[in-house]
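This briefing introduces a structure to a reader who has not met it before. Please look over the sequence and the model shown here before reading the points that follow.

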Amino acid sequence: MKTTPVSLHAASSYDPDSLTANLRSLLAPLGGMEAFVHPGDRVLLKPNLLSGKAPEKAVTTHPEIVRAIIHLVQEAGGVVKVGDSPGIGKPEAVAKKCGIWEVIETSGVEFAPFCEFVNVAAGSGTFQHLELARDILDTDVVINLPKLKTHQMMGLTCGVKNLFGAVVGLRKPQLHLQAGTSKATFALMLLELAAHIRPALTIVDAIIGMEGDGPGSGDPIQIGALIAGIEPLAVDTIACELLGVSPDAVWTQKIARERGLFGSVREEIELFGPPPEQLRPPRFTPAHSSDLNFSLPGFLKRPLRRSLTARPVVDNRRCQVCGICIEACPPHAMRIDAHGLQIDEHVCIRCFCCQELCPHAALHTRQGLLLRLAQFLNPPRRS
Ligand code: SF4
Ligand code: SF4
């Protein structure tokens with residue numbers, strides 16, 4: 001059977017010396033950085049720059065990971081750019097707040113704020129084309145640097161989901177809108193995006209990850225691992241196993257398995273390193289499930305929608321009525337009136353972009369009655 005290699009390595013801190021040593025050990029079974037980068041190659045590093053939060057909040061890829069990878073790429077003779085398109089805010093400002101700007105300046109590499117885009121054909125019927133950053137297409141080698149976090153809509157964000165940052169700025173909410181309430185459609189688009197970008201290497205920052213209401217408002221959790229591989233999907237398969245999360249609870253994994261995509265099952269992976277359960281954190285809180293994962297006829301689904309799904313609710317004590325979520329809401333379901341922020345739940349598509357981007361953690365998830373009941377009767381289990 002054809003297999004793809006994934007390397008897993010224990011790593012407990014971002015201390016620069018031990019981190020570089022751990023990254024070398026992680027990459028050794030894959031042939032080291034020189035197997036991916038040749039002298040003179042233009043190399044784009046794509047960290048997670050979701051929003052401008054301090055590194056200890058675990059929202060973005062840790063700056064010391066970016067620093068160490070720059071060093072390894074330069075050692076192999078590559079010419080580095082670091083780039084992403086954040087969910088909200090100016091890329092430079094986000095990079096400054098999360099500590100990556102300082103790394104870029106001190107390492108003397110270029111920053112790519114993903115302003116220009118190129119239209120590329122997509123394979124699915126829903127998405128005819130995708131607008132991808134020119135920087136990510138116009139390079140020799142892409143190295144994907146995700147942070148391992150829960151994701152309210154997709155279950156987890158790791159190798160595949162991190163590449164959504166290649167979609168330039170405001171096209172992201174439009175893609176959410178096109179997918180509507182269908183998580184399967186959105187997951188399929190993410191898988192097509194990953195297949196199109198085909199990063200040469202994915203290296204996951206799972207030293208400190210995020211649990212709970214990720215990817216923007218969850219809690220940091222010490223996981224203590226680094227994962228690397230050629231296929232982002234295979235890397236995510238190992239990430240699920242590491243956390244003990246069922247692949248059915250992660251939409252990109254679920255859809256990839258249904259479609260038989262390479263790397264979505266364990267048998268297709270040659271794992272280097274300890275068995276993932278050996279590094280599994282003793283406890284891990286998944287994202288709140290945001291809907292019941294079964295099909296109902298439309299005539300039942302519509303009236304029961306409130307009860308079957310989770311929705312964002314505003315915590316008025318925290319909300320600063322800054323309007324950032326309103327700007328990001330794909331179907332324009334949010335507005336501010338004399339009583340504060342209001343959400344029209346009939347318009348809301350449950351994408352949780354608002355929660356992802358709120359800088360004040362003022363949006364929580366409220367699960368409907370039937371959803372809570374279903375989870376009480378059949379609680380999510382770690383695999
Ligand atoms: S919920 Fe958050 S992003 Fe939205 S207006 Fe309030 S503070 Fe701003
Ligand atoms: S209110 Fe929030 S969850 Fe609902 S559509 Fe808008 S951004 Fe998405």
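Among the residues of helix 9, those that are buried are W251, T252, Q253, K254, I255 and A256. The structure is a predicted model, and the points below take up helix 9, a pair of helices and the surroundings of a ligand.

**Helix 9 and its surroundings**

- Helix 9 spans residues 251-258 and is mostly covered, with six of its eight residues buried.
- Strand 9 (155-157), helix 7 and helix 8 (232-243) are the elements against which the buried residues of helix 9 pack.
- Just after helix 9 comes G260, which has a positive phi of about 70°.

**The pairing of helix 6 and helix 7**

- Helix 6 (residues 171-179) packs with helix 7 (residues 183-197) at an angle of about 135°, and their axes are 8 Å apart.
- An angle of about 135° falls outside the ranges for roughly parallel, roughly antiparallel and roughly perpendicular; helix 6 and helix 7 are therefore oblique to each other.
- Helix 6 contributes L175, H176 and A179 to the contact, while helix 7 contributes T185, F186 and M189.
- Sorted by class, this contact of helix 6 with helix 7 holds four nonpolar residues, two polar residues and no charged residues.

**The shell around ligand 2**

- Ligand 2 has 14 residues around it, of which C329, C348, C351, C353 and C354 come nearest.
- By class, the shell around ligand 2 comprises 13 nonpolar residues, one charged residue and no polar residues.

Methods:
Residues numbered from 1 in each chain as written. Chains lettered and ligands numbered in written order. Predicted model: local features only at pLDDT ≥ 70, side-chain atom pairs only at ≥ 80, totals over all residues. Axes fitted to C-alpha atoms, helices over the stretch in contact; angles between N-to-C directions. Helix = DSSP H or I, 4+ residues; strand = E, 2+ residues; numbered from the N terminus. Parallel < 35°, antiparallel > 145°, perpendicular 65-115°, else oblique. Contact = placed C-beta atoms within 7 Å. Nonpolar A, V, L, I, M, F, W, Y, C, P; charged D, E, K, R; others polar. Near = placed C-beta within 6 Å. Buried ≥ 20, exposed ≤ 12 C-beta atoms within 10 Å, placed from the backbone.
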